[in-house]
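Subject: A structure for you to look at

Hi there,

As promised, I am handing over the structure we talked about. Please open it and keep it beside you while you read my notes below.

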Amino acid sequence: MNSKKRIVSAAMGIAIAAVMIFVFDEGKKEQPVYRVEQGKVFGTYYTIRYEAASDLKDSLSAAFAEFDASLSMFNPRSTLSAINANRDTTTDAFFESMFAEAERVWRLSGGAFDISVAPMVNYWGFGTRARESRAATTEAQIDSLRAFVGFEKIQLVNHRIVKSDPRVMLDAGAVAKGQACDVVAAMLARNGCTNYLVEIGGEIVCRGVNAKGEKWHIGITKPVEGTSQHQSLQEVLAVSDLKMATSGNYRNFYYDKGERRSHTIDPRTGRPVVHSLLSATVVSSSCMRADALATACMVLGAEEALDLIRRANEEDKAQGSETACYLIIAQGDTLNVATSPNWTIN
Ligand code: ADP
Ligand code: MG
């Protein structure tokens with residue numbers, strides 16, 4: 001064999017080997033399959049279903065860790081905890097998007113939704129402090145709390161929170177689960193997923209189809225008291241692209257000398273809300289916004305909630321999106337449903 005022939009056959013050998021490696025690699029490459037991740041995060045449970053060629057466990061843990069470092073009230077080193085303890089800290093992107101949405105919903109709801117409600121949440125035993133009897137609470141006590149509750153007492157200036165009173169504290173509990181759903185959904189989308197359902201503590205972001213190629217099926221829990229894991233459903237929705245949050249006063253409450261205390265506090269009265277609205281489900285442009293609006297609905301009660309959702313929808317419509325709600329209201333022993341006119345999901 002002359003040298004030219006030798007070079008050609010060597011080159012051909014390499015080419016064939018390369019093709020074989022390529023074909024072998026292709027065969028080995030995993031096909032997209034539906035995967036499930038489940039666990040506990042931020043004091044609640046999550047279930048994430050997604051279709052992907054490889055598992056995204058690590059990216060999910062990283063997203064949760066980043067979120068926790070920003071907005072967790074249980075993590076003493078989080079941005080939120082630093083702000084509450086008046087430690088000098090710069091705000092991060094998660095905190096800032098939470099703050100911006102919290103401000104919008106505060107305005108829209110006329111102060112019914114207010115993340116600076118933290119001292120009142122603590123007072124009534126739903127925050128970090130131990131629960132005491134508050135049956136003898138006077139207006140004077142409420143007034144002393146009111147002195148440092150109010151969104152107008154905080155400002156975000158140059159990536160720093162400025163408080164008009166050092167006792168002002170923030171509670172992101174009413175938006176965090178929804179925002180975490182948005183964060184996880186964004187991570188999945190970045191990784192090329194187009195079919196997924198993210199559920200964290202009842203808040204949901206879904207897209208595409210389930211493993212059977214059908215729309216995702218999402219239940220709205222019947223608001224009956226009790227902590228049973230197997231709650232019955234008021235309604236099952238079939239949807240393929242949705243950001244939805246539900247707030248309810250039928251799970252997190254206690255009785256104090258015969259008076260019922262729910263975990264939704266009306267910052268305007270300084271007291272836990274008492275009314276016939278049992279649960280509010282909201283779909284919106286983001287799950288974070290849906291979560292904040294759902295809590296705002298619970299503060300306002302059914303009638304004003306419908307008005308709030310109408311105004312929120314006007315804002316969203318201008319951005320090519322939509323906000324709608326599904327309310328469950330107690331009337332004697334029966335449960336009534338009221339929806340915004342644009343609630344068309346079922
Ligand atoms: P759930 O989904 O468990 O019903 P929500 O989203 O309604 O919860 O959030 C309830 C939490 O929000 C409370 O535990 C408290 O930390 C906080 N919170 C209570 N009242 C308000 C309010 N008026 N505005 C903002 N946050 C509130
Ligand atoms: Mg909420």
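Let me start with a question: is the crossing of α8 and α9 left-handed or right-handed? I will come to that shortly, once the setting is clear. Please keep in mind throughout that this is a predicted model.

The overall picture

The protein chain holds nine helices and 16 strands. Of its 346 residues, 39% are buried. If you take the contacts between residues at least 6 apart in sequence, 61% of them join residues at least 24 apart.

The sheet

A good place to begin is the open sheet of eight strands, whose order is β1-β2-β5-β6-β9-β14-β15-β16, with antiparallel pairing. At its edges you will find β1 (33-41) and β16 (334-339), each of which pairs on one side only. On average, and ignoring direction, neighbouring strands in this sheet are turned by 15 degrees against each other. As general background, strands of a sheet pair through backbone hydrogen bonds, either parallel or antiparallel.

Have a look at the end of that order, where β15 (residues 324-331) and β16 run antiparallel and are joined by six bridges. One example of the pairing is Ile-329, whose bridge partner in β16 is Asn-336. These two strands form a hairpin with two residues between them, and Gly-332 in the turn has a positive phi of about 60 degrees.

Helices on the sheet

Helix α9 (residues 302-317) packs on the sheet and touches β14 (277-283), β15 and β16. The direction of α9 makes about 180 degrees with that of β15. Helix α7 (residues 176-190) lies across β2 (44-52), β5 (196-200), β6 (203-207) and β9, and runs at about 155 degrees to β5.

Back to α8 and α9

Now for the question I opened with: the crossing of α8 and α9 is right-handed. The two helices pack at an angle of about 150 degrees, and their axes are 8 Å apart. On the α8 side, Leu-293, Ala-296, Cys-297 and Leu-300 take part, meeting Glu-304, Ala-305, Leu-308, Ile-309 and Ala-312 in α9. By class, the residues of this contact are eight nonpolar, no polar and one charged.

The ligand

Helix α8 turns up again around ligand 1, where it gives the largest share of the shell, four residues. Both β9 (241-248) and α8 (287-300) supply at least two residues of that shell. In total, 21 residues surround ligand 1, and the closest are Gly-173, Ala-174, Ser-247, His-263 and Thr-295. Sorted by class, the shell has ten nonpolar, eight polar and three charged residues.

One residue to try yourself

Finally, is Ser-97 buried, exposed or partly exposed? You will find Ser-97 in helix α4 (residues 93-108). Ser-97 has 17 other C-beta atoms within 10 Å, so Ser-97 counts as partly exposed: a buried residue would need 20 or more, and an exposed one 12 or fewer. Ser-97 also makes a nice pair with Gln-179: they are 82 residues apart in sequence, while their C-alpha atoms are 9.0 Å apart in space.

Happy exploring, and do write back with any questions.

Best wishes

Methods: Residues numbered from 1 in each chain as written. Chains lettered and ligands numbered in written order. Predicted model: local features only at pLDDT ≥ 70, side-chain atom pairs only at ≥ 80, totals over all residues. Near = placed C-beta within 6 Å. Nonpolar A, V, L, I, M, F, W, Y, C, P; charged D, E, K, R; others polar. Pairing = 2+ DSSP bridges. Axes fitted to C-alpha atoms, helices over the stretch in contact; angles between N-to-C directions. Contact = placed C-beta atoms within 7 Å. Left-handed = near helix turned anticlockwise from the far one by under 90°.
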